[in-house]
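Thanks, everyone. I'll show one structure and talk through its strands, so please have a look at the screen.

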Amino acid sequence: MKRLISSLSVLVIGLVIALVPALAQRSHGGGGYHAPAPPAHGPSAFKGTPHPSEGRNFSDKAGHPNAPHVEPNGRWSGHDTGPNDAHYHLDHPFEHGRFTGGFGPSHVFRLEGGGPSRFWFGGFYFGVAPYDIGFCDGWLWNSDQIVIYDDPDHPGWYLAYNTRLGTYVHVQYMGGA
């Protein structure tokens with residue numbers, strides 16, 4: 001009987017040790033923000049007075065991430081710097097071709113490796129915009145699921161939405177399948 005209790009104790013402790021890191025990675029920085037399902041569509045083209053991007057705090061409500069994110073109501077928080085934002089200017093938009101793997105929530109892709117400067121899934125390669133690299137430091141490059149959307153304001157860029165975190169970054173297609 002003691003042996004059975006000892007074995008069960010070891011098993012339970014092993015499960016707890018295995019589950020704690022997994023549960024911690026699913027945390028979104030405290031109460032108030034839970035990643036919504038992938039939005040039905042990308043953001044609309046921006047109209048109005050652009051917001052400055054320098055030194056910006058994206059945590060618009062308590063518990064929301066300090067990164068561009070999608071609100072539970074589908075609003076793309078942080079996609080409001082306008083089409084003339086120099087951070088996303090490309091001299092040769094789409095120089096590696098256009099992504100043809102599918103857009104929106106019916107096309108969810110699992111990251112297969114790499115890092116911000118070059119990552120891939122399904123034979124497609126992308127790189128995160130240099131200005132956005134700090135916004136994807138919590139991404140799991142070999143397992144997170146992302147959804148790709150067209151960026152209506154910045155030619156040559158797409159938006160990669162992380163379904164686990166509810167955040168997104170500008171990405172450039174680097175070629176592939």
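Let me start at the hairpin of S5 and S6, where 2 residues sit between the strands and Gly122 takes a positive phi near 50°. Keep in mind that this is a predicted model. The two strands of the hairpin, S5 at residues 118-121 and S6, run antiparallel and are joined by 3 bridges. One pairing to look for is Phe119, whose bridge partner in S6 is Phe126.

Now S6 itself, residues 124-128. Is this strand mostly covered or mostly open? Mostly covered: of its 5 residues, 4 are buried. Besides S5, S6 pairs with S9, residues 168-176, in the antiparallel sense, over 5 bridges. There, Tyr125 has Gly175 in S9 as its bridge partner.

Next, the whole sheet. How many strands form it, and in what order? There are 7 strands, in the order S3-S7-S8-S9-S6-S5-S4, and they form an open sheet with antiparallel pairing. Strand S3, residues 108-110, and strand S4, residues 113-115, stand at the edges; each has a single partner strand, so one side of each is left without a neighbour in the sheet. On average, neighbouring strands of this sheet are turned by 40° against each other, direction ignored.

Last, the S3 edge. The partner here is S7, residues 145-150, and the two strands pair over 3 bridges, in the antiparallel sense. If you want a residue to click on, take Arg110, whose bridge partner in S7 is Gln145.

That's it from me.

Notes. Residues numbered from 1 in each chain as written. Predicted model: local features only at pLDDT ≥ 70, side-chain atom pairs only at ≥ 80, totals over all residues. Heavy atoms only, no water. Buried < 20%, exposed > 50% of the residue type's maximum accessible area, 1.4 Å probe, protein only. Pairing = 2+ DSSP bridges. Axes fitted to C-alpha atoms, helices over the stretch in contact; angles between N-to-C directions.
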